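Work through the exercises below with the sequence and the structure open beside you. Try each task before reading its solution.

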Amino acid sequence: MASGASKRRIQKSAGMQDLNLIPMMNLFIIIIPLLLTITVTVHMAFLSLDLSASGTGGTGEADGVGQAETRIKEIRLILYSDRFEIREEGVNDPVIIPARSREDGSMVYDFGSLDNSLAEIKTRNTEIEEIKITPYPDVLYGTLIRAIDISKIRGFSEVKYERIRVGEL
Amino acid sequence: MKRISNKVNRTYGEGPRKARGRIVKIKSLNITSLVDILTILLVFLLKNVSIDAQRLTLPENMTLPTTIMTEELERSGMSVVLRVFPDQILVGSDNIYVGTPEEFMTDQEVRSQLLSFMNEQSRQIITQNPDLTPLLLIQADTSILCRYITDIVALGATSGFTSIYFSTIKGDDPQILYES
């Protein structure tokens with residue numbers, strides 16, 4: 001009888017040590033599939049647009065001799081349905097990058113040349129961070145995003161979105 | 001007949017003792033290690049799941065463009081998502097139907113409804129916390145024409161959103177930029 005009681009005591013203490021993990025397991029079984037379903041496997045990216053007013057780029061001091069207002073040179077990238085056009089303020093001839101036509105008649109933009117042209121402009125104007133991108137209404141959103149992406153990669157971190165100006169349509 | 005067969009079963013190969021031993025083993029199955037793994041997995045998943053699930057969720061039936069560059073969303077910002085599908089425009093976390101992109105361009109009522117909704121959203125964000133800045137997050141299909149995007153950007157800028165972001169998929173290979 002005495003040994004029976006001590007056995008029960010031992011069983012009791014053993015029972016205290018063994019936590020009941022079944023509710024916890026149930027919780028895990030519900031939570032983990034739920035999280036797995038809502039977890040997005042693709043990595044999302046974000047490209048910002050600069051909404052601030054453009055124009056003068058503040059004041060600059062030249063070797064401490066007075067103050068001179070420096071105007072940031074305007075660089076515009078216009079996306080037409082058949083070409084890219086980069087207009088640089090102070091440069092008469094715009095850079096025109098025509099799209100190539102495929103056999104089926106569709107147009108293919110030359111993003112490689114756009115990249116090279118923007119890189120070349122950036123090397124000449126290292127201080128310029130701003131670029132204005134103007135997409136033609138018929139241009140696809142995918143093309144616009146690629147153009148913004150290339151511009152940002154080439155160091156034009158402030159991308160302004162502009163409508164087609166009067167006379168450009 | 002039954003009694004005989006029972007006896008045979010018990011005596012054959014010392015059945016009863018072995019069976020009891022097995023039952024004891026099953027009862028004391030140690031699931032602690034399994035719980036450990038599940039805990040680690042749970043913590044990992046919780047860390048990766050964003051609280052702002054809306055902005056990170058890839059919309060169904062939408063092909064987002066792929067980009068190499070990515071920027072961080074403003075930490076002090078609170079975003080309102082606007083999704084532009086080829087056949088519909090949805091806005092907000094509840095995916096409120098606005099209309100088709102064509103209706104947005106041509107129907108003045110659709111446009112004014114969207115404008116007032118976005119005004120309300122940006123006002124709510126500022127009222128909630130003056131330190132917060134309202135962000136507009138545009139998710140659009142690659143096949144959408146820029147004429148819709150231009151008007152949506154203009155609408156966002158006029159309705160109190162201080163920053164506008166385009167949502168894309170992050171690509172790793174720079175070659176994708178030059179592919180046709």
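**Exercise 1.** Locate B:Ile144 in this predicted model, and decide whether B:Ile144 is buried or exposed.

*Solution.* Begin with the position along the chain: B:Ile144 sits in the loop that links strand 5 to helix 7 of chain B. Next, count the surroundings: B:Ile144 has 23 C-beta neighbours inside 10 Å, and because the cut-off for a buried residue is 20 or more, B:Ile144 is classed as buried. Then list the partners, leaving aside residues up to four places away in sequence: B:Ile144 is in contact with B:Val84, B:Pro86, B:Pro101 and B:Ile149, and also with A:Tyr141 of the other chain. Finally, take one of these partners and compare sequence with space: B:Ile144 and B:Pro101 are 43 residues apart along the chain, while their C-alpha atoms are separated by 8.8 Å.

**Exercise 2.** Describe what surrounds strand 5 of chain B, which covers residues 133–140.

*Solution.* Start with burial: seven of the eight residues of strand 5 of chain B are buried, so the strand is mostly covered under the cut-off of 20 or more C-beta atoms within 10 Å. Now look at the strand partners. Strand 2 of chain B (residues 77–84) pairs with strand 5 of chain B in the parallel sense over eight bridges, and within this pairing B:Val84 stands opposite B:Ala140. Strand 6 of chain B also runs parallel to strand 5 of chain B and is joined to it by four bridges, with B:Phe166 as the bridge partner of B:Ile138. As a last step, follow the chain onward: strand 5, helix 7 (residues 146–158) and strand 6 of chain B form a right-handed β-α-β unit.

**Exercise 3.** Explain why B:Leu82 counts as buried, and name residues that B:Leu82 touches.

*Solution.* First place the residue: B:Leu82 belongs to strand 2 of chain B. B:Leu82 has 25 other C-beta atoms within 10 Å, and therefore meets the cut-off of 20 or more for a buried residue. Beyond residues up to four places away in sequence, B:Leu82 touches B:Val91, B:Leu136, B:Leu137, B:Ile138 and B:Ile152. For a distance check, the C-alpha atoms of B:Leu82 and B:Pro101 are 12 Å apart in space, with their positions 19 residues apart in sequence.

**Exercise 4.** Work out how chain A meets chain B, and which element of chain A gives the most to the contact side.

*Solution.* Take the totals to begin with: 40 residues of chain A are in contact with 44 residues of chain B. On the side of chain A that touches chain B, at least two residues come from each of helix 2 (22–38), strand 1 (44–49), helix 3 (111–124) and helix 4 (141–153), and helix 4 gives the most, with nine residues. Sorted by class, this side has 30 nonpolar, five polar and five charged residues. The strands also meet across the chains: strand 1 of chain A and strand 6 of chain B (residues 163–170) pair in the antiparallel sense over six bridges, in which A:Leu47 has B:Phe166 as its bridge partner.

**Exercise 5.** Judge which part of chain B calls for caution in reading, using its pLDDT.

*Solution.* The model as a whole scores ipTM 0.72 and pTM 0.72. Chain B has an average pLDDT of 80, and 78% of its residues score at least 70. Residues 1–13 of chain B, however, have a pLDDT below 50, and this stretch makes three contacts in the model beyond near neighbours in sequence. Where pLDDT is low, predicted coordinates should not be read in detail.

How values were computed: Residues are numbered from 1 along each chain as its sequence is written. Chains are lettered from A and ligands numbered from 1 in the order in which they are written. This is a predicted model: local features need pLDDT of at least 70, side-chain atom pairs count only at pLDDT 80 or more; totals for chains, interfaces and linings use all residues. Two residues are in contact if their C-beta atoms, placed from the backbone, lie within 7 Å. Ala, Val, Leu, Ile, Met, Phe, Trp, Tyr, Cys and Pro count as nonpolar, Asp, Glu, Lys and Arg as charged, and the others, Gly among them, as polar. Two strands pair if DSSP finds at least two bridges between them. pLDDT is the predictor's confidence in each residue, from 0 to 100. A residue is buried if 20 or more other C-beta atoms lie within 10 Å of its own, exposed if 12 or fewer, and partly exposed in between; C-beta atoms are placed from the backbone. A crossover is right-handed if, with the strands pointing away from the viewer, the path from the first strand over the helix to the second runs clockwise.
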